[in-house]
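Student: Please give me a close look at a single ligand site. After that, show me how the rest of the model is laid out around it.

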Amino acid sequence: ACSGGGATAKPSVSGAAADNRAVKNGGTLTMALSADPDALDPSTSVTLLGREVFTSICEKLYDIDANSKLVPQLATALPDVSKDGKTVTIKLRSGVKFNDGTAFDAAAVKKSLDRHRTYKKSARISDLAAVQKVDVVDPSTVKLTLSRPFTPLIAQLADRAGMIMSPKALDAEGDDFGANPVCVGPFKFSSRTSGNQIVVDRAPDYYDASKVKLDRIVYKIIVDPNVRAANLKSGDVQAAEELATTTVAGVQADPNLRVISGGGLGNYGIDINIGNVKGSTEKTGPVNTPLGKSPELRQAFELSLDRNAINKTVYNGLYQPDCSPLPLDSPFRDKSRTCSTRDVAQAKQLVAKSGVKTPIPVKLQVPNDATNERLGQVIQQMTKETGFDVSVQPIDFATGLEQGAAGKFDVMVSGWSGRVDPDGDLSGLINTGGANNYAGVSDPGIDDPMKQAAATADQAERATLYAKVTQRAAEVRGNIYLYHNLYYLGMAKNVAGIRYYADGLPRLGTAGFAAK
Amino acid sequence: MALFILRRLGAAAIVLFLGSVLVFLGVRALPGDPAVVLAGNEASPSAIAAIRHDYGLDQPLPVQYGRWAGKALQGDFGKSTQDLIPVGHILGERLPVTIELSLLAMIVAVGVGVTAGVIAATRRGKLADYVATGFGLVGLSVPHFWLGILGILLFSVKLHWLPASGYVPFTGDPGGNLERMLLPALVLGTGFAAVLMRQTRSAMLDSLSADYVRTARSKGLAERSVVGVHALRNSLTTVVTVLGLQLGALISGAVVTEQIFVIPGFGKLTVDAVATRNYPVIQAVVLVTVVGYIAVNLLVDIAYALLNPRVRLTGVANG
Amino acid sequence: MTETVLEVDGLVKHYHVRGRGQVVRAVDGVSLSIGPGEVLGLVGESGSGKSTIGKCVLRLTEPTAGSVRLGDRDITHLSRRELRPLRRDVHMVFQDPYSSLNPRFTVGQIVAEPLRRHGVARGAQVTERVREMLERVGLGAEMRTRRPHELSGGQRQRVGLARALILEPKLVVADEPVSALDVSVQASVLNLVADLQRDMGFSCLFITHDLSVVEFLADRIAVMYLGQIVETGPTKKIFAEPQHPYTQALLSAAPEPDPVRQRARKRVVLTGEVPSPVDPPAGCRFHTRCPVAVDTCRTVEPALTGVREADRPVACHLVTSSEIPDITERD
Amino acid sequence: MSLLEISGLRVGFDTEDGEVQAVRDISLTLERGEILALCGESGCGKSVTAMSIPRLLPPDTTRLSGSIRLDGRELTELPERELREIRGKDVSVVFQEPMTSLNPAFTVGFQIAEVLRRHEDLSRAAARSRAIELLELVGIPAPARRVKEYPHQLSGGMRQRVMIAIAVACSPRVLIADEPTTALDVTIQAGVLDVFRDLRDRLGTAIILITHDLGVVADIADRAVVMYAGRAVEEAPVTELFARPRHPYTAGLMRALPSAAVTGEDGRRRLSEIPGLVPPPYDDPRECAFHPRCPRAEADCTTERPALDTYGTGHLAACFHPLSLTPASGEDS
Amino acid sequence: MVGLVLVAGFLLLAIVGPFLTADPAAQDYTAPLAPPSGAHLLGTDDLGRDALARIAYGARVSLEAGVLSVLLAMVVGVPIGLVAGYYRRFLDPIVMRLVDVVLAFPFLIFAVGMAAILGPSLRNVIIALSVSLFPGIIRVTRGEVLALREMDYVSAAVADGAGDGRIMFRYILPGATSTLIVQATVGIPTAIIGEATLSFLGLGVQPPTPSWGVVLTAAQQFLDQAPWLAIWPGVMIALSTLGFNLLGDGLRDVLDPRSSR
Ligand SMILES: Nc1ncnc2c1ncn2[C@@H]1O[C@H](COP(=O)(O)OP(=O)(O)OP(=O)(O)O)[C@@H](O)[C@H]1O
Ligand SMILES: Nc1ncnc2c1ncn2[C@@H]1O[C@H](COP(=O)(O)OP(=O)(O)OP(=O)(O)O)[C@@H](O)[C@H]1O
Ligand SMILES: [Mg+2]
Ligand SMILES: [Mg+2]
Ligand code: NI
């Protein structure tokens, strides 16, 4: 495991599972969101916040449970996968109605899946790239024909690619489905005021309506973390997601509030441009920066960094320092690998050996928010001693994405929100031509085992393959992973029944106010 | 008078047209492709292209401008790329918020600024004058956002008198609305009050030393009507002009104030839209701001004309 | 026709007021001439167009129509560059002793400026000529380093005179140079102007509204009313026998500083308002205030002709070879 | 008892450069129905003297001493409240600048009616019709139309008449006119002066007329006071003053007028000048303030200040070496 | 007078301050958010950096932004205003329309737009602020020129045959300097606050460069834990703008006799 992964004092966070207080019927829960979700269209949505709202209004074929295990949601069981892995048959719940009262059936599933796969603006196309055909077998069965065996498919179906939209609404709204989404869910979309709030109401047609307690949820967008915390303290909101690490302690100290944590799937670190010269999906080429050219210098750079210190100063010790893209509790992790610790002496040696004149200029792009800027400054300070002269260049999110993909950067702070299946954390990110392979990593030692693993159903075998991938990636060092982030959900003590798992999405379907 | 308004309208139309071109080009000059932002970091190139096409971003600029301007003239500003909500609808939600904030701030500013200015001018060189002038200078020098932060620190964090931030619509909960708007309005109004105070004071000193005030005194009028009728009436033209000129500052201030107090108004919308490269929203918001700005200045001109008989009759402002 | 230094012919100047679409007919067909060494006094009420004529003569403003000749050159259409050498011969003295001197320059610089502009003198020569000129206008050499705001009104006007005269111009346009001064100071400046004029022999267009000043200084007088000249002639003759009703009114309205005579005088008080140059009355422009106006006056514009004497033309229908209107009679 | 008696009036102003002595010991009287002219060069204290009567000087910086009695009532000690009852009613003022002395924001009618409503307790309508009568009185044609107009719609001469209408609205006993015609053309000046004469004759108003134009003095005043550097240097009935000025300054002023030009030996017409400048108002010289410019000054003038002496009925002059009794410069005036 | 002292003080702080205080970039992970103490007079920030040092260094950045942007705006705006006012007939209508267009945008909106287009950095903030400032400067200059053109001494120069350039630069411009100096002095506080505001909105000077706006923004996150961090940068902004405002008022009184109050 990673050095000192749990060494820092974490706030005592109670899991939601442990909360088995009785929940009374009725009430409105106001929950603060940390950013404005994009359009609530499962096909096009790309934000984490969108996924949070979808937990209330758009159920999926599959879901994960508290242990990050895949469980059926709109399906009745895990799918039947043919021997060759190319046919996946899914049995659907019956008697389910969309929130507009229309019936949920295999035809609807087909329509949604096809839209995810083919709609020109869909962001799910790559998720379902392996799916060749969707067939309705009978009203409660669909059959997916794949072009190749693709084990991560079920995990994809446990996310937005598995969300089923009302065909009637799709027909009526078309491109604008996201402005007025209708799915199966404990709540139905009611209204949205741009940049301010999203309101969902208890869905009368929900198949498991008896478990739903709240009448209404108001998702209130409060971007500023301090304000989010302040609103929680003042009682204006009863729950607030993604508390900033700087505000967790304050919320916890409040006698009326408590904090639970979730997440850990995501990975954050820095991308070093080693081959992205024309764009991440284009052919790689040599990059003319000291770090881009020299693996030794990259190693020296990594050796200059102290992950624990970063966690402590930047994140109040509330995150999980790590050097692997895979979550700490992932069964696919390579248990034998350890992370490097800060070693200035060795780093200096490597620098000396490289023969590059110090100070070595490094341009580090960071997203222009306070926390990332702090991270940038800490990296700058830590690597100074070794002989790097890091200039921190904050850049706004929009520009950053564009420049990352285009390869217009030397080094950048970047992150990935994480997926349940390891494939989701690697493919597209460090394989040749991956859309999000900003670093421009192109190595057969990574690409090949990754492809193989996706086609393999056996978990142990996959684990070995992924170990190869991460091992090689660590050697190439196009990406230096620093930590997994945790989500801290703050809420009033009388709020109960929230389910909060590793994906960091607070599930409010069964939430409500404690009976006593 | 009608001619005067007509001519002003003509000039405003030209400014508006050039302004809209500037807005349009400015938005396009922003680095960062909105399609990339929309598609997010999981995007496929084809999705990006599709989005670009959808928003007409693949067209030549004049065509894009023509389309946008043509629709905007009919009140159709397109849909927010962020949430697909029609921009017109968003404006309808946000505008009243900012207007409420601005009005409250204006009430604070005019109430405090004009009163203090008049008092300072009439008590020139006395304690009240120094206090008011001091306030004027300090009010001018303190940045809004710091004042906002201090306000939150004092009234919300330390004293717990007022809620830190947020907004509830007036229609839903008038009390809560005012409670939340109070601090932002005070913060926004302070700088404005300072400017008004200084200008009122200076205008009042001008009119108090004018010959006609001496005439009024020579008539044996009470000081109250000398100051309140003769001097103030003539200073009002200045005050009105300053109000118009300060409108820009007020809007600028609103941007920051809304950001600090998380008020879902125009200012916050602007900053958010810029961050997400929400072209239709940025364009509409800035355009509406400019229209509003021009419109208010037009109103100010008219008010000026009404207050100043010279202009009223000849139709020419000489100030 | 004798040689003239300045000849203005049919001068018209209309100001177009911006945005109002109005036309101010400040000067509307004025002809006058000044001979060598002659002082022409231009009098008239405020707004009658006196200063405008002065500015047109120097091309400080562009005439709308008509011509201005300096000596034998028609300068009406010369470009600014072509005009430059001619500027040696014409200079101007302004009314306001405060705004007519550049506050940033020293007196020495101000007076030296024309010399430098025309490259007449350099180096020590300049200093010498400035000193000489300052002495001539009664200012000591120590004044050279002072700035205008350190001087009294009378001293400033002397500096203005020095500046205008240092190039020994043929023509000086003096626009009310003494109206802003107190009587005692005014007297000394007037003496100075008279002396210098006689010594240096320049011609002068002297603009004023004070009749006693023109009487003292001018050889000839032109009386303006609402953009036009109504009467002109030798000073003595006009004071002795004003022919135009307006001239008569003007002379009779100026109080004499002698109570006994002043109170014995028959006075005429003009009624009616001074019309605006934006909308001048038809016919004779004075008819709205003229106590003796007849119907023709209201429709026909009288020409400025020497009906009675060739050297003193009058623009009035009622002035005929046999008769001069007398406005005091109609009291 | 005279209508107005000013004695030993001194007025100073606090300024950044020290105290300005604007008026240094002035005494004068004004009889009912009399027109008294105050004349002298710019800055000699004419306006300050006159404005001291209704106390219209800036209260913060003005230092005033001496006595001003209106009908025996001491005005200098009157509280501001009571003074306001007097302003515009017993003592009213016409200022020099007709362009700026009227409030541009209100109609002429309003501005006239205001003073009536303040002092006469008239109703709005009554005040309005009084205003029309007053405009008629000061010779404005079509007064019913003019009351509704704003000052900028009137010509300079008419504005000055409006100012006079305001001033005489409550039939004041003393009317102070501070250079009322200086800004006007001569043809218009004559008409305005006629209005003053007419008012004095019809209403018996006593007028203090401030002017630097000796022609105006000669035309309209009964008596004149000549001031120099904050003091009265000569005072006499007008005919007497012009015929026999005693003080060299008065005589100098009269001879400096262009109309008094004399032809010199060289055949040139010349004006007689008063050399030098008016002394600055800061210090109060113990000697005669005029001596540096005075052609008749002798040693005693530089050490002591002459007091006002009487030379015949009502003729006072402050000079150690007054001009003789022979008519001064009689040859050309 | 007070203004002069304040401004001089801040200039001094900007010039020598960084030499006297600790390294503003030195981080001390052991002591983040330390309250004021002997070692750190104003405490430390979230990365354990000395707050005093950052404020001292910030003075340099903030004043630089304020002064340079105004200077730049003057350098561009004054000649344009001068020429527009002087060649009133031809250039003035065009220039003034353009100025009107820019002025139709509220200052901050325009600056935000400019900064967003140019990208965040000190240099770009200066450019954005000066572009937002110069329409105002053009207007003021032009107004002065129009007034000064009518002065008799300018007519006298024309009558002497002086050329346009000489009239503009020797006669008109010097007459306008006092107004322009005052305008510059009151422009600087606007620019300082503008810089701080842009930095506060994340569009300005970027960390780790410590401008006051940047320091303040960072401090805002720790309001309840370390309120003292938010106090001083704000005080500095307020005092320096106050200084320039007072200086402007003072200069106005001295240089511009028309409004002596
Ligand atoms: N630049 C200008 N634009 C418009 N109108 C002007 C301008 N200059 C002068 N006028 C108008 O032209 C007319 C004549 O003005 P001018 O200055 O020549 O009169 P004047 O006889 O010199 O008067 P004064 O005795 O008051 O100096 C006036 O009505 C004046 O208002
Ligand atoms: N409010 C004041 N503060 C300071 N000094 C003043 C004030 N009012 C007048 N003075 C000064 O008092 C002196 C006399 O002024 P006053 O106005 O009485 O002169 P005047 O004889 O009326 O001159 P003018 O003919 O120019 O009107 C002048 O030196 C003037 O500067
Ligand atoms: Mg003139
Ligand atoms: Mg006076
Ligand atoms: Ni402000």
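Tutor: Start with one term. A polar contact is a pair of N or O atoms within 3.5 Å. Keep one caution in mind too: this is a predicted model.

Now go to ligand 2. Which residues of its shell are closest? They are Ser42(D), Gly43(D), Lys46(D), Ser47(D) and Val48(D), out of 14 residues that surround ligand 2. Look at Lys46(D) in that list. One of its polar side-chain atoms sits 2.9 Å from an oxygen atom of ligand 2. That distance is within 3.5 Å, so the pair counts as a polar contact.

Two further pairs are worth finding. At Gly45(D), the partner is in the backbone: a polar atom there is 3.0 Å from an oxygen atom of ligand 2. At Glu179(D), the partner is in the side chain, where an N or O atom lies 3.1 Å from an oxygen atom of ligand 2. How much of ligand 2 does the protein cover? On its own, ligand 2 has 630 Å² of accessible area, and the protein covers 68% of that.

Next, ask where the shell comes from. Three elements of chain D give two or more residues each: β1 (4–15), β2 (18–30) and α1 (46–52). The largest share, three residues, comes from α1(D). Sort the shell by class and you get seven nonpolar, five polar and two charged residues.

Now move to the other site, ligand 1. It is surrounded by 13 residues, and the closest are Ser46(C), Gly47(C), Lys50(C), Ser51(C) and Thr52(C). Follow Ser51(C) first. A polar atom of its side chain is 2.5 Å from an oxygen atom of ligand 1. Then find Gly49(C), where a polar backbone atom lies 3.0 Å from an oxygen atom of ligand 1. Glu176(C) joins in through its side chain, with a polar atom 3.3 Å from an oxygen atom of ligand 1. Ligand 1 taken alone exposes 630 Å², and the protein buries 64% of this area.

The shell around ligand 1 draws on chain C. Both β2 (22–34) and α1 (50–57) of that chain supply at least two residues. The most comes from α1(C), which gives three. By class, this shell holds four nonpolar, six polar and three charged residues.

Step back to the chains. Seven pairs of chains are in contact, and among these chains B and E share the most contacts. Other pairs stay apart. Chain D, which lines ligand 2, has no contact with chain E; their closest C-alpha atoms are 12 Å apart. Chains A and C do not touch either, and 46 Å lie between their nearest C-alpha atoms.

Chain D has two assigned domains, domain 1 (96–171) and domain 2 (245–317). Their centres, taken over C-alpha atoms, are 42 Å apart.

What is chain B built from? It has 13 helices and zero strands. Its C-alpha trace spans about 85 × 55 × 35 Å along the principal axes. Chain B is also divided into two domains. Domain 1 takes in 1–82 + 280–319, and domain 2 takes in 92–275. Between their C-alpha centres there are 28 Å.

The two domains of chain B do meet. On each side 16 residues are in contact with the other domain. Together the domains bury about 1,400 Å², with 81% of it on carbon and sulfur atoms. Which residues of domain 1 lose the most area to domain 2? Val285(B), Tyr293(B) and Leu307(B) do, and together they make up 37% of what the domain 1 side buries.

Finish in chain A, with two backbone details. The peptide bond between Thr358(A) and Pro359(A) is cis, with omega about -5°. Pro359(A) sits in the loop between α10 (344–354) and β16 (360–367). The second detail is Ser68(A). It is not a glycine, yet its phi is positive, about 60°. Ser68(A) is also in a loop, the one between β3 (62–64) and β4 (70–72) of chain A.

Methods: Residues are numbered from 1 along each chain as its sequence is written. Chains are lettered from A and ligands numbered from 1 in the order in which they are written. This is a predicted model: local features need pLDDT of at least 70, side-chain atom pairs count only at pLDDT 80 or more; totals for chains, interfaces and linings use all residues. Side-chain values use heavy atoms; hydrogens and water are left out. A residue is near a molecule or strand if one of its heavy atoms lies within 4 Å of it. A polar contact is a pair of N or O atoms within 3.5 Å; within protein, one must be able to donate a hydrogen and the other to accept it, and residues adjacent in sequence count only if both atoms are side-chain atoms. Accessible areas come from the Shrake-Rupley method with a 1.4 Å probe; for residues, only the protein chains shown count as cover. Helices (H or I, at least four residues) and strands (E, at least two) are DSSP runs, numbered from the N terminus. Ala, Val, Leu, Ile, Met, Phe, Trp, Tyr, Cys and Pro count as nonpolar, Asp, Glu, Lys and Arg as charged, and the others, Gly among them, as polar. Domain bounds come from an automatic or database domain assignment. Contact means heavy atoms within 4.5 Å. Buried area is the accessible area (1.4 Å probe) that two parts lose on being put together, summed over both.
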